[in-house]
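Visitor: Could you take me through one part of this model closely, namely the largest internal cavity and the strands that surround it? I would like to know what lines the cavity and how those strands are arranged.

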Amino acid sequence: MQRVRVSSHQVPVHKLGDSQMTLSPKFRLAAKQSDLLDPSLELELWQRGEPLIPGLPDDVALNCLLRIPVDNHMTCRVVCKRWYSLFGTKDRFFCRRKELGFHDPWFFVFAFHKSTGKIQWNVFDLNNFAWHTIPAMPCKEKVCPDGFGCIAFPHEGVLYVCGGVASDVDCPLNSVVKYEVRKNRWTVMKKMITARSFFASGVIDGMIYVVGGNSTDLFELNSAEVLDPNRGIWRSVSNMGTKMAAYDSAVLNGKLLVTEGWFWPFYVFPRGQIYDPQTDNWENMASGLREGWTGSSVVLYGRLFVVSEHERTKLKVYDSETDSWDTVEGHPLPEQICKPFSVDCCDNRIVVVGRNLHVAVGHVKSLQQKNTSSKRCSFAVCWQVVDAPESLSDFTPSSAQVLFA
C-alpha cells in the first residue's frame with residue numbers, strides 16, 4: 001500500500017535481515033542436515049516398532065502431532081528420534097500435513113523493523129494464534145517494503161512477490177520470487193517485462209496480472225502484463241486508459257479493479273480502472289466505487305468490502321446496483337490495530353494486521369432481510385483481537401496474504 005499518498009511520512013531505507021541473501025537464480029539456504037532427518041531412519045524406527053506416541057496407532061498419533069503449533073516444534077524435537085524427524089524441518093512437517101489432507105489457514109505478513117530496517121515474513125497460525133517465521137526472501141539488500149506486489153494462490157499454498165524498488169538508487173525492480181509452503185523455500189522466477197513498484201495485481205483464472213505502478217524517477221505507468229505460472233511466461237496485455245500507481249486492487253466477478261486512492265489534501269477525486277481479461281479491455285470505474293474506496297479491500301460473499309482508513313476505521317461494503325457503500329453493522333476496527341495495516345480474508349473472516357503486528361479477526365455474517373421486498377443484503381461484523389508477542393512489537397506490516405497448508 002502506497003502510504004505516501006496520504007501522509008508526509010517518508011519510508012526509511014530497509015535492509016534484508018540476512019546480508020548473505022542476495023538475488024540470485026542459485027539462491028539456496030546453506031544448512032547442514034542432521035542424520036536424524038534422513039527419511040530412511042524414520043522407516044527403520046517404524047519397522048523396529050518404536051511408536052510416535054505409546055499406546056496409539058501411528059496414524060492417530062501423526063494426526064495429533066501435525067496439529068502442534070510451529071512455534072512449539074523446537075521443544076518437540078527433543079522427545080525422541082521419530083519426533084525429531086517429524087519436527088526437524090518445516091518442509092517435512094508441511095509435506096506430511098499435505099499427505100494427510102490438512103488444509104488450514106496461515107496468515108503470511110511481510111513486515112519491516114522500524115529501527116533496524118530488517119524485513120522478514122512472519123506467519124500467524126489462524127487456528128492456534130501462534131507466530132513463526134520463514135526463510136529470508138531473496139532480494140536486493142536495500143529495498144522499500146511497500147513497493148513490492150505480493151500475490152497469493154491461497155489453496156495451493158504458493159506466494160509470489162514481484163517488482164519493488166531499490167531504495168538506495170530509487171530504481172524499480174522487475175524481479176519475481178515464489179514461496180511454497182510445502183517446500184518452505186523461495187525460488188527465483190522469470191522477471192517481469194517491465195520493472196515497476198507500487199502497482200496493482202491480482203489472480204484471475206490462475207493467471208497473475210500486474211498493472212501500472214511507478215517506473216524510474218517515479219513516472220507512472222499504464223502498461224500491464226500477465227504471467228502464466230505453469231509456463232513461467234510473461235506477456236503484455238492492453239494498457240490502462242490512464243497512467244497511475246495503485247493504492248489498492250481487487251478481483252471481483254472475474255475482473256481486476258484498480259484504484260489510485262485519495263491524494264492529500266483530498267480535493268481531487270481518485271481515478272479507477274477495471275480490466276476484463278475476456279475482452280482485454282479497460283473501462284473507467286464507477287464514480288461511487290472509486291470515491292468510496294478509502295481503505296484496504298477483500299472480497300467476501302461475492303461482494304467488495306473495505307476496511308476504511310478514515311470514517312473511524314469502519315468496515316463497509318459496496319453495492320453495485322446503487323453505486324454506493326453501506327456501513328457494516330458492528331464496532332469499528334479495534335483501536336489496538338493501528339495504521340498502517342494490511343488486510344486479507346479467509347472463509348467468512350477478515351484478518352487485519354496493524355503496527356506492532358497485533359491482529360484483528362473480523363467474523364462477517366450476512367443478515368437476513370425480513371419484511372422487506374428489497375434484494376439488498378446487509379452484513380454484520382464481530383472483531384476478535386490477538387496481541388502480538390513482545391518480540392514482534394517493533395515490526396510494521398507492508399503486505400499480508402492467507403495461504404492454506
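Guide: A cavity here is a set of points, on a 1 Å grid over the protein atoms alone, where a 1.4 Å probe fits but cannot get out; points are joined across faces, edges and corners, and a volume is the space filled by probe spheres set on them. The model is predicted, so local features need pLDDT of at least 70 and side-chain atom pairs pLDDT 80 or more, while totals for chains, interfaces and linings use all residues. Residues are numbered from 1 along each chain as its sequence is written, and side-chain values use heavy atoms, with hydrogens and water left out.

By this rule there are five cavities of 30 Å³ or more, and the largest cavity has a volume of about 40 Å³. Its lining (residues with an atom within 4 Å of a point) includes Met 137, Pro 138 and Cys 139, together with Phe 148 and the run Val 161, Cys 162 and Gly 163, and it is completed by Ser 175, Val 176 and Val 177. By class, eight of these lining residues are nonpolar and two are polar, while no charged residue takes part; in this scheme Cys and Pro count as nonpolar and Gly as polar.

Strands (DSSP runs of E, at least two residues, numbered from the N terminus) account for part of this lining. Both β7 (158-163) and β10 (176-180) supply at least two residues to the lining of the largest cavity, and β7 gives the largest share, with three residues.

These two strands also belong to one open sheet, in which four strands follow the order β6-β7-β10-β11 with antiparallel pairing; two strands pair if DSSP finds at least two bridges between them. The edges of the sheet are held by β6 (148-153) and β11 (185-188), each of which has a single partner strand, so one side of each is left without a neighbour in the sheet. From one strand to the next the twist averages 20 degrees, with axes fitted to C-alpha atoms and angles running from 0 to 180 degrees between N-to-C directions.

The lining and the sheet meet in β10, which pairs with the edge strand β11 in the antiparallel sense over four bridges. Val 177, one of the residues lining the largest cavity, has Val 188 of β11 as its bridge partner. At the other edge of the sheet, β6 begins at residue 148, and Phe 148 is likewise among the lining residues of the largest cavity.

Key
1 Å grid on protein atoms, 1.4 Å probe; cavity = no way out; pocket = protein on both sides within 12 Å on 5 of 7 lines; lining within 4 Å.
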